[in-house]
Amino acid sequence: MKWFKQITIAALIAVIGFSSVHVADAASKLSGKIVINGSSALLPLTLQAANEFKKANPKVKISASAAGSITGPQAVRKGIADIGAVDWDATKDVPGFKKFDGQVAHKVAVIPFATVVNKNVGVSNLTTKDLQGIFSGKIKNWKDVGGKDAEIIVVNRTFGSGTRVNFQDKALAGEDFMTKGDNYKEVKTSGDMKTAIETTPNAIGYMDLAYVTDKMSALSVNGVAPTEANVINGKYKVWGYGYYMTKGQPTGAVKEFIAYVQSAKFQNGSLKKLKFIPISAMK
Amino acid sequence: MLESSVAARTGSKPSELGGSIIAGSGKPFDRKKRLFAMNRFFRYICIASACFVCLILFLILILMFRTGVLTFRDISFADFFFSTNWNPMEEQYGALIFIFGTFALTALTLLISVPLSIAIAVFLSVFVPGWLKNALRPILDLLVGIPSVVYGYLGLTVLIPMIRNVTGSGMGDGILAAALVLTIMVLPTISRISDDAISAVPRKYSDASYALGATRFHTVWKVLLPSARSGIMYAVILGMARAIGETMAVVMVIGNTAQLADSLLKPTSVLTSNIVMQISNVPFDSTWNYALYLMGFLLLVISILMIATVRWLQRKGVQG
Amino acid sequence: MKSTQTANPFQGVGKMNRLNNRVFTLLVWIIGAAAILFIFGLLFLILEAGLPNLTWDFLFGLPSEIDEGGGIGPTLINSFYILGISLIIAIPLGMAAGIYLAEFAPDNKLIGFVRICVEALASVPSIIFGLFGIALFVEFFQIGLTILGGAVSLAFLNLPVLVRVTEESLRAVPKELKSASFALGGTHLQTISRVLIPAALTGIVTGICLVAGRAFGESAVIILTAGVTTSGEMWDFNLFSPGATLAVHLWYVQSEAIVPDAQQIAQKAAAVLVFVVLFINLVFRIPLWLKARKMKG
């Protein structure tokens with residue numbers, strides 16, 4: 001009977017496999033057009049998901065662009081985009097931005113953020129208080145936080161950046177950023193931040209953990225290093241969810257696309273490779 | 001198309017042409033009338049195109065103006081133009097910093113780039129032998145095609161560390177870095193068009209000048225440059241326009257901090273960089289957004305003023 | 001030179017002149033040589049980082065988000081496609097409008113104002129044209145982020161420069177040529193098409209090259225009107241596909257991409273961009289050189 005069981009299982013697997021192919025076939029009849037706009041930090045994820053989704057559903061057209069987080073829900077409200085990618089929950093008020101009524105937020109990824117400094121800064125840990133002092137302009141010299149005698153150069157993201165909203169909320173506990181000073185500058189994108197931190201001595205900034213390279217040092221906050229494990233076990237607090245906003249509950253191709261991004265296959269595969277953390281990992 | 005059809009028709013013999021047309025239709029359609037009609041047709045096409053171009057441009061103006069004036073619903077005229085306090089989080093929309101920054105940056109850029117580019121134009125059009133000229137001109141054109149993102153990146157990674165080393169300042173971002181990057185960007189525009197203008201001066205002028213015993217310096221200074229002045233002015237205007245309007249590269253090296261640039265090395269912000277930094281990050285129907293559109297419109301007004309000034313100076317120069 | 005100096009009756013002035021002339025010549029040579037060295041240095045810096053590593057796989061491969069070795073194929077094709085469409089729209093319109101301003105327009109205040117406005121619009125940051133493109137194509141016509149929208153917005157961006165370059169070049173043609181053509185009984189159209197335009201061609205072609213180069217490197221307009229994605233297929237000529245160009249891809253790779261070889265992709269993409277601009281220049285210029293040679297021979 002053993003061989004019979006084996007054959008049955010094999011047949012079952014074959015049938016399931018076949019039917020899943022069949023399902024994919026059925027899904028590939030899905031057609032429509034999806035326009036995605038919004039956060040540039042989520043763009044690599046969106047592009048990758050779009051590529052994979054298009055392979056399974058050749059009739060669906062996906063065009064994605066990115067300008068800034070707030071563009072996402074705004075474009076959705078105006079009806080010029082089906083999905084708005086945003087780095088905070090746009091159905092709630094955050095500092096500087098009002099909530100968007102009538103939109104539904106779908107969590108798609110967990111984004112950890114890291115505080116980074118130039119290699120020449122000999123500091124490896126800062127407390128929340130230090131960070132508040134530095135980014136509000138009250139602490140101006142590295143020696144005040146245990147470093148050498150050199151002026152701190154603060155690099156900030158421009159207003160409206162989702163990374164900035166999250167960093168202010170989680171790392172600075174809501175404390176306001178400085179707005180002017182001889183050693184203060186703002187940059188537009190994560191890439192610019194990366195270049196600025198890598199090339200400017202005594203500089204401090206912050207970015208998604210995914211962008212941290214070995215040409216800069218990522219700081220521990222309150223003694224906890226910014227690692228994926230520390231985010232998952234709840235010790236490292238500076239992280240946020242990435243969201244897809246839709247006008248009401250999504251339907252058709254848009255619904256399928258969001259479902260695909262949230263599926264275990266994508267979350268544990270490509271999304272992990274892009275150095276985001278799957279939403280299922282968080283309790 | 002027009003050219004070839006005219007050539008084909010005027011090329012054929014009148015008698016044959018007339019004969020066939022007379023045979024084919026009642027009225028003779030003679031060449032004069034046809035040319036006349038073609039002329040008129042061509043003229044209408046040109047007028048229509050000009051109107052279309054104007055329509056598009058005015059639509060853009062209207063878009064910017066209509067959105068921009070909404071700013072004054074919430075803040076006063078004086079606040080916008082004469083306050084240096086730009087802090088949208090607290091409803092402060094003073095644009096003086098950016099207006100000043102734009103003027104300062106453009107002036108500094110022109111100060112460096114105009115003498116340099118005219119020297120390069122003279123070098124190309126007068127000094128260099130023909131074959132080298134033909135090789136060098138496309139290379140200059142090439143500099144225009146380098147995307148501004150690349151210029152910005154080079155500015156950030158090569159120029160700013162250099163400025164930091166030379167001046168000993170902590171950051172290096174500011175008006176000076178931006179002006180140097182812009183100089184490199186407008187150099188090809190100004191020098192290539194000036195070069196064309198100088199080359200277009202009829203040869204007999206410089207021949208006559210040399211024949212009168214003038215040195216090369218004299219010929220260039222007193223004959224070629226004055227004769228080519230209109231073209232050079234146009235080149236400067238075009239370069240200036242690019243300097244005022246350039247964004248992607250400036251954003252990367254100017255520091256983007258809303259503070260008045262009282263030093264060449266202090267991080268600051270100009271109209272364009274501020275628009276580009278913030279326009280994609282503000283709510284659509286906020287005073288902030290309107291203020292950015294107004295700044296775009298202002299940018300246009302500033303360049304119109306600057307261009308008018310240059311033209312006025314030019315006309316005054318011609319008369320005096 | 002020497003003979004002219006000895007023949008010069010004003011000896012004192014001659015000495016001054018000679019000194020001025022020397023200083024001037026030296027100065028121009030130094031600036032010229034320095035500029036050329038600088039340009040070659042810059043080009044070397046860009047090309048050296050990218051060109052040696054170029055492969056066909058890179059040029060025609062599909063971009064990748066996760067793994068190394070992504071290509072630029074669809075974006076490269078989009079670049080040419082969008083540039084082509086925008087030039088097809090912008091050149092005839094811009095030239096015709098330029099001809100109107102130079103030849104037909106009455107010399108009054110209104111036309112003077114239009115002229116200044118056109119010039120000023122060349123200084124508007126390209127992002128404004130991008131916003132206009134959004135207002136027109138995405139919001140008004142509702143076609144989304146497409147190649148068509150990007151190309152037309154790009155054409156609008158280039159119109160002011162083309163109009164003014166055409167007008168300036170036509171004005172630079174010596175009056176004698178025009179008078180001669182009229183005196184021979186040429187009509188206005190004949191004069192423009194057979195005398196003025198051929199004589200002004202060098203200037204117009206320079207303008208077109210400048211514009212094409214700028215359009216090829218433009219990213220802000222395309223990001224807003226054509227998106228950052230491509231359709232993900234090679235040789236997609238659908239006007240309604242999303243149309244990221246090479247410059248946009250460069251921006252994306254430099255600012256947001258997570259792929260480990262982002263830096264190399266950026267360097268190679270920059271090198272390709274510069275190379276293509278050189279190529280465009282050659283394509284437009286070679287006919288001019290041939291013509292010049294024919295005229296001489």
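Why is β1(A) largely enclosed by the rest of the structure? Five of its seven residues are buried, so β1(A) is largely enclosed. This is a predicted model. The briefing starts with that strand, then turns to chain C, chain B and the contacts between chains.

**Strand β1 of chain A**

- β1(A) pairs with β2(A) in the parallel sense, and the pairing runs over five bridges.
- Within this pairing, G32(A) stands opposite V60(A) of β2(A).
- The chain travels from β1(A) through α2(A) to β2(A). This β-α-β crossover is right-handed.
- β1(A) also pairs with strand β3 of chain A, which covers residues 83-86. That pairing is parallel too, with three bridges.
- Here G38(A) has A85(A) in β3(A) as its bridge partner.
- In a regular strand, side chains alternate between the two faces of the sheet.

**Chain C: overall build**

- Chain C has 12 helices and zero strands.
- Its pattern along the sequence is therefore easy to read: α-α-α-α-α-α-α-α-α-α-α-α.
- The C-alpha trace of chain C spans about 80 × 45 × 40 Å along its principal axes.
- The radius of gyration of chain C is 24 Å. A compact globule of 297 residues would have a value near 19 Å.
- Of the 297 residues in chain C, 51% count as buried.
- Take the contacts in chain C with a separation of 6 or more. Residues 24 or more positions apart account for 75% of them.

**Chain C: spans listed in UniProt**

- An unreviewed UniProt entry lists "transmembrane region" for six spans of chain C: residues 23-47, 80-101, 113-137, 143-163, 195-216 and 269-290.
- Residues 143-163 of chain C are 81% helix and 0% strand. The end C-alpha atoms of this span are 28 Å apart.
- Residues 195-216 of chain C are 100% helix and 0% strand. Their end C-alpha atoms lie 31 Å apart.

**A single residue: T202(C)**

- T202(C) is found in helix α9 of chain C, which runs over residues 188-217.
- Is T202(C) buried or partly exposed? T202(C) has 19 C-beta neighbours inside 10 Å, so it counts as partly exposed. The cut-off for buried is 20 or more.
- Set aside its neighbours within four places in sequence. T202(C) is then in contact with D196(B) and L288(C).
- T202(C) and V165(C) are 37 residues apart along the chain. Their C-alpha atoms are separated by 11 Å.

**Chain B**

- The secondary structure of chain B comes to 14 helices and two strands.
- Chain B has 320 residues, and 49% of them count as buried.
- Consider contacts in chain B between residues at least 6 apart in sequence. Of these, 71% join residues at least 24 apart.
- For chain B, UniProt (unreviewed entry) places "transmembrane region" at residues 41-65, 95-128, 140-163, 175-194, 232-255 and 290-313.
- Residues 95-128 of chain B are 94% helix and 0% strand, with end C-alpha atoms 47 Å apart.
- Residues 232-255 of chain B are 83% helix and 0% strand. The end C-alpha atoms of this span lie 32 Å apart.

**Where chain C meets chain B**

- How many residues does each chain bring to this contact? Chain C gives 77 residues and chain B gives 75.
- On the chain C side, helix α2 (residues 11-50) gives the most, with 16 residues.
- By class, the side of chain C that touches chain B has 51 nonpolar, 20 polar and six charged residues.

**Where chain A meets chain C**

- In this contact, 26 residues of chain A touch 17 residues of chain C.
- Which elements of chain A give two or more residues to this side? They are β1 (32-38), α2 (43-56), β2 (60-64), α6 (190-199) and α10 (270-273).
- α2(A) provides the largest share, seven residues.
- The chain A side divides into 12 nonpolar, nine polar and five charged residues.
- β1(A) thus appears twice in this briefing: as a largely enclosed strand, and among the elements on the side of chain A that touches chain C.

Conventions
Residues numbered from 1 in each chain as written. Chains lettered and ligands numbered in written order. Predicted model: local features only at pLDDT ≥ 70, side-chain atom pairs only at ≥ 80, totals over all residues. Contact = placed C-beta atoms within 7 Å. Helix = DSSP H or I, 4+ residues; strand = E, 2+ residues; numbered from the N terminus. Nonpolar A, V, L, I, M, F, W, Y, C, P; charged D, E, K, R; others polar. UniProt positions renumbered as here; feature names shortened; annotations may be inferred. Rg over C-alpha atoms; globule rule 2.2 N^0.38 Å. Buried ≥ 20, exposed ≤ 12 C-beta atoms within 10 Å, placed from the backbone. Pairing = 2+ DSSP bridges. Right-handed = clockwise from strand over helix to strand, strands pointing away.
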